Amino acid sequence: MIPILLKITGFLSYKQTVEVDFTSFDLACISGSNGAGKSSLLDAITWVLFGQARKRDDSLINSHPEVKAAEVIFTFSYEDQTYRIQRTLPRGKSTLLEFQIWQQAEPAGDGTWRSLSEHTVKDTQARILHVLRLDYETFINAAFFLQGKADQFAQQPAGKRKEILGNILGLELWEIYRERTNNRRKGVERDLASREGQIQEIERELSEEPERKKWLAELECRLAELAASRKLQESNLEKLKQQAASFEQQQFLVNTLEAGLLRANQNRGDLSKHLEDRKNEQDRYKKLLENQGQVEKDYSKWQNLRNDLAAWEVVADKFRGHDKDRQLLLGKLGNEQARLEQEMKALLAEQEKIKDQKASLPSMEKEFEYTRAALDVAETRLAVRNEKNEQIMLAREKQVELRSENERLKLEMKELKGRVDELAATEGANCPLCGQPLNLEDRQKLIDQLNGQGAELAARYHSNKDRQVEINPMVEKMEQELSGLVAIDKERLSYTTLLTQLTERIGSVQKTLKAWDEQGAGRLEDVSQLLEKESYLPAVRDELSDLDKRLADLGYDAVAHDAVKQAELSGRVSENDYHSLAGARAAIKPLQEEVDNLKKQIKKLDADLEAQQREMQKASDILEQSEKMSPDIDGAERALFDIQEKENRRNQDVGAARQKVAVLKDLRARKKTLNREREEMAGLIGRLKTLERAFGKDGIPALLIEQALPEIESRANELLDRLSDGAMSVRFATQSAYKDKKKDHLKETLDILISDGAGVRDYDLFSGGEAFRVNFAIRLALSQVLSHRKGARLQTLVIDEGFGSQDAQGRQRLIEAINAVRGDFAKVLVITHLDELKDAFQTRIEVTKTNVGSLVSVI
Ligand SMILES: Nc1ncnc2c1ncn2[C@@H]1O[C@H](COP(=O)(O)OP(=O)(O)OP(=O)(O)O)[C@@H](O)[C@H]1O
Ligand SMILES: [Mg+2]
């Protein structure tokens, strides 16, 4: 990992955004006073990569209240790729993480950042670790000498140390191989188990062979039985169908015979009817011929009538001209008669009505009298009521008057009493009238006088009271009497109305009667005379009699003409009879022949009918017989269907059984293949197990560590030699004896054995400065080894405050040592607050603390 650009905002002592461009130098010294923000730069790198720094929480956010979030963006190259990670921690919220890779479009063209971020921060972090193939621990144990953690590696327990060394050497890859091999082996084992299961299953099936064959034979036998019984049933059904066909033919025969019989019967009916008609015709002719004399007589009589009628018609023609006028006159008379009859009818109806009204008149007059009397009584009672009302009103007024007078009297009496009391109580009072002083006597006199007045008032008061007492019952009595007269107004009104109505009705009846007497009765008499004597329209009558006289002169007798006309009409039938007579004479003989012929035909037909009837009976009997034994074709078909169904099922069973037998051959072949596969797999599993062991901790990784250790050891000693001027050296021991002496093999370990001129001593027994040199030498050796490995992962060396423990000579040696290894690293950063070291490096990055946070400048 080679840093390119670091951008820090709101992180630890950095408030404003600060950028550090690493591209312009290979070796630099980061200087600045205590607390300036030097170590914070390294924290920024470990935090952005691993989410881990001196802390992992909100306390990493710059404490200035304006700062809302800490953010670090780090661009670096790694294994020939350029990556960028941006980590943001907003205050009180969860971290945001973005991981990107630079993609160059063409060798010379522009590129773009492609995101490698996953859905969650956790997954993105895992992806970063996967790409780096380095965890935080390895990172700070190898190339990153964090302040105060220089002895990180030496202080780890031996096992952990070995693990870190393994990681530095990239041995975790072997663990991945081991896991993959393990997974592969497990997969093969699963396949093997499945093959074995299949083989067992096949063997189980193969063991069923005799049974399956036996079952197949049995099923085939049953199928053959079913086929035989199906054939039998089929031939049965065929026979039944033939029977049914002959039954149908018989049925057809019966139907045909029945139809023939019906037709013959109808034929016979027709012939009988025809015979009947002929016979009737014959009878009619016979009767006609029997009456031959009469018919001829009637016919000649009719001939005479026709001659008479012709003579009358001649006269009538002349007469008809006059008759028209006559009819006109007769019409007028008829109309007048009808009109008079109508009038007569109306007059009679009116006469009836008049009679009724006349009869009702006395009762109406009587009712009028009664009502008149009732009205008189009501009016008398009304006068009484009004008088009583007047009296009550007066009495009430009197009462009011008495009451108000008494009120007044009461006040006056009270006043008088007051004055008397006043006079009696005071001596030497003045006269209330003249205001002069009163003596005793005068006073008494005055009192008496006043008392006298008071007595008068009291007498009046009591008399008023008595009057009031008298008046009350009087009023009550009168009010009671009045209550009986309340409805009198209505009563009177109803009588008055009735009287008016009666007067009107009587007046109207009398008027009607008078009018009838004066006009109607006379007219009725006249009309009935006119009708009775037929004396109406005398002028018309005269005209008619004149006309009739003229007609009589013509000699035309309309009555006689009508009589001849009538007789001719009724005699016309004789003409028909007369002509029929001739037809009858001609027809009677052929008719007789036809009748005889028909009788013969009927006789023959009857014989035929009888024969057909017999034939029909015979055929019906046969049909009935065969109906009784009619075949059950449906039942037979059902039975056949059932057998076919069974046969089909059985066929399927046989097919399945055959399949089960046939499959055994395939199974045998399959078993052979499976067995071969099983053997191959067992071999493969053995080989994989060997591989797993080789990839395991004690396999290749152990071997690699063993191989790498001499190189690390020699490089460390080279450095240590330089740092201690040949006084100190280290050795790594990978195996040590167990404390338990019974164990004969050695314990796997990674012990660091340090020695100086005085021999091997425990790490803790060396001085701080000496211990630092040892740590520095070992870790630098580790970093070098790491940077030399293929796919160099850590090409950056960072040393934060390693010089504090060293004396001037030690510092000088350190600088020399750093310069000696700088060729192994792409970037070397040395952090120090010591001024005298600043100038030892060509490039200096100055960190200062300001009120806008830490600032960085490359000098
Ligand atoms: N959240 C924070 N906000 C602001 N300042 C902080 C925050 N956390 C730590 N600091 C301060 O940031 C400053 C920088 O610390 P850093 O460890 O980077 O200093 P340094 O330059 O390495 O100093 P030294 O030479 O002592 O090692 C210190 O003063 C420290 O107290
Ligand atoms: Mg520091």
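Before selecting anything, note that the count of salt bridges in this structure comes to 53, and that the model is a predicted one. The tour visits some of these pairs and then turns to the ligands.

Select Lys827 and Asp26 to begin, and display their side chains: the two residues form a salt bridge in which the closest N and O atoms are 3.8 Å apart. This pair links distant parts of the chain, since Lys827 belongs to strand β13 (residues 827-832) while Asp26 sits in the loop between β2 (18-21) and β3 (27-31), 801 residues apart. The two partners can also be viewed by their accessibility: Lys827 is buried, with a relative accessible area of 8%, whereas Asp26 is partly exposed at 45%.

Move next to helix α8 and pick out Arg408 and Glu405, which form a salt bridge whose closest N and O atoms are 3.8 Å apart. Because these residues are three apart in helix α8, about one helical turn separates them. Arg408 counts as partly exposed, with 41% relative accessibility, while Glu405 is buried at 14%.

Stay with helix α8 (residues 292-425) and select Gly321, which also has its place there. Gly321 is partly exposed, with a relative accessible area of 48%. If Ala781 is added to the selection, a C-alpha to C-alpha distance can be drawn between the two residues, which are 176 Å apart in space and 460 residues apart in sequence.

Helix α10 (residues 488-533) is the following stop, where Glu518 and Lys514 are four residues apart and therefore separated by about one helical turn. Their side chains meet in a salt bridge, with an N to O distance of 4.0 Å. Glu518 counts as exposed at 55% relative accessibility, and Lys514 likewise counts as exposed, at 54%. For a group rather than a pair, select Glu201, Arg204, Glu205, Glu208 and Arg212, which are joined into one network by salt bridges that share partners.

Now bring up ligand 1 together with the 18 residues around it, of which Gly35, Gly37, Lys38, Ser39 and Ser40 come nearest. Coloring this shell by residue class shows three nonpolar, 11 polar and four charged residues. Helix α1 (residues 38-50) gives the most to the shell, contributing three residues.

Three polar contacts deserve a distance label each. The side chain of Asn34 has an N or O atom 2.9 Å from an oxygen atom of ligand 1; a polar backbone atom of Gly35 lies 2.7 Å from an oxygen atom of the ligand; and a polar side-chain atom of Lys38 is likewise 2.7 Å from an oxygen atom of ligand 1. On its own, ligand 1 has 650 Å² of accessible area, and the protein covers 74% of that.

The last selection is the magnesium ion (ligand 2), which is coordinated by Ser39 through OG and by Gln147 through OE1, at 2.0 to 2.1 Å. These two residues link distant parts of the chain, with Ser39 in helix α1 and Gln147 in the loop between β8 (144-145) and α4 (152-155), 108 residues apart. Ser39 counts as buried at 16% relative accessibility, whereas Gln147 counts as partly exposed at 43%. Keep Ser39 selected to end the tour, as this residue is both a coordinating partner of the magnesium ion and one of the residues that come nearest to ligand 1.

Technical notes. Residues numbered from 1 in each chain as written. Chains lettered and ligands numbered in written order. Predicted model: local features only at pLDDT ≥ 70, side-chain atom pairs only at ≥ 80, totals over all residues. Heavy atoms only, no water. Near = heavy atom within 4 Å. Polar contact = N/O pair within 3.5 Å; in protein donor to acceptor, adjacent residues only side chain to side chain. Areas by Shrake-Rupley, 256 points an atom, 1.4 Å probe, with all protein chains shown as cover. Nonpolar A, V, L, I, M, F, W, Y, C, P; charged D, E, K, R; others polar. Buried < 20%, exposed > 50% of the residue type's maximum accessible area, 1.4 Å probe, protein only. Donors = N, O, S within 2.8 Å, 3.2 Å for Na, K, Ca; no water.
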